[in-house]
Amino acid sequence: MEESTYDIFNRARMFMELGDPIYAARTLEPAVEDEPESRSLLELLGRAYFHSAQLNKAERTFRRIIELDPVDHWAHIALARTLERQSRHEEAATYRRMHAVMSGGSLD
């Protein structure tokens, strides 16, 4: 019996909660390949990449979320934080400002 996307998501979320973002990412990657426009899968995958310091992959994933939904303020701050961890502060500032505008003024 094939595991459902819902089950894969929940299993990956469990690995995140247990502090194993690498395994969470490995769990999610095939599901995202099958459903490349699933924002919930992409968000969890981006978080898994970020928390396992796979910053290039996190950046690509957060950019994909913004491409799918340009007003997703969470994705903007996640991308800003990812860029900051790569010492790309000037580029990150743009996404922090976008987040602030969309979320009512907060830069965090």
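**Figure 1. Arg-85 and the ring of Phe-50.** In this predicted model, the charged end of Arg-85 is placed over the aromatic ring of Phe-50. The distance from that charged end to the ring centre is 4.6 Å.

**Figure 2. The largest nonpolar core.** This core comprises 30 residues. Within the core, Leu-28 and Phe-62 have the most contacts. At least two core residues come from each of α1 (5-17), α2 (21-34), α3 (39-51), α4, α5 and α6 (89-103). The greatest contribution is that of α3, which provides seven residues. In soluble globular proteins, nonpolar side chains tend to be buried together.

**Figure 3. Surroundings of Leu-28.** When residues up to four places away in sequence are not counted, Leu-28 touches Ile-8, Phe-9 and Ala-12, together with Leu-41, Leu-44 and Leu-45. Leu-28 is also one of the two residues named for the most contacts inside the largest nonpolar core.

**Figure 4. Aromatic pair Phe-15 and Tyr-23.** Two aromatic pairs are present in the structure. In the pair formed by Phe-15 and Tyr-23, the ring centres are 4.4 Å apart and the planes meet at 65°, an edge-to-face arrangement. Phe-15 has a relative accessible area of 17% and is therefore buried, the cut-off being under 20%. Tyr-23, at 34%, is partly exposed.

**Figure 5. Aromatic pair Phe-62 and Trp-74.** The ring centres of Phe-62 and Trp-74 are separated by 5.5 Å, and the angle between the planes is 80°, so this pair is edge-to-face. Because Phe-62 belongs to helix α4 and Trp-74 to helix α5, the pair ties together parts twelve residues apart in sequence. Phe-62 is buried, with 2% relative accessible area, whereas Trp-74 is partly exposed at 28%. Phe-62 is also named, with Leu-28, for the most contacts inside the largest nonpolar core.

**Figure 6. The annotated repeat and Asp-72.** An unreviewed UniProt entry carries the annotation "repeat: TPR" for residues 39-72. Over residues 39-72 the chain is 79% helix and 0% strand. The C-alpha atoms at the two ends of this stretch are 10 Å apart. Asp-72 is located in the loop that runs between α4 (55-68) and α5 (73-85). With a relative accessibility of 11%, Asp-72 counts as buried. Leaving aside neighbours within four places in sequence, the contacts of Asp-72 are Arg-39, Ile-65 and Met-102.

Key. Residues numbered from 1 in each chain as written. Predicted model: local features only at pLDDT ≥ 70, side-chain atom pairs only at ≥ 80, totals over all residues. Heavy atoms only, no water. UniProt positions renumbered as here; feature names shortened; annotations may be inferred. Helix = DSSP H or I, 4+ residues; strand = E, 2+ residues; numbered from the N terminus. Buried < 20%, exposed > 50% of the residue type's maximum accessible area, 1.4 Å probe, protein only. Contact = heavy atoms within 4.5 Å. Core = buried A, V, L, I, M, F, W, Y, C linked by side-chain atoms within 4.5 Å. Phe/Tyr/Trp six-rings, centres within 6.5 Å; stacked < 30°, edge-to-face > 60°. Lys NZ or Arg CZ within 6 Å of the ring centre and 35° of its normal.
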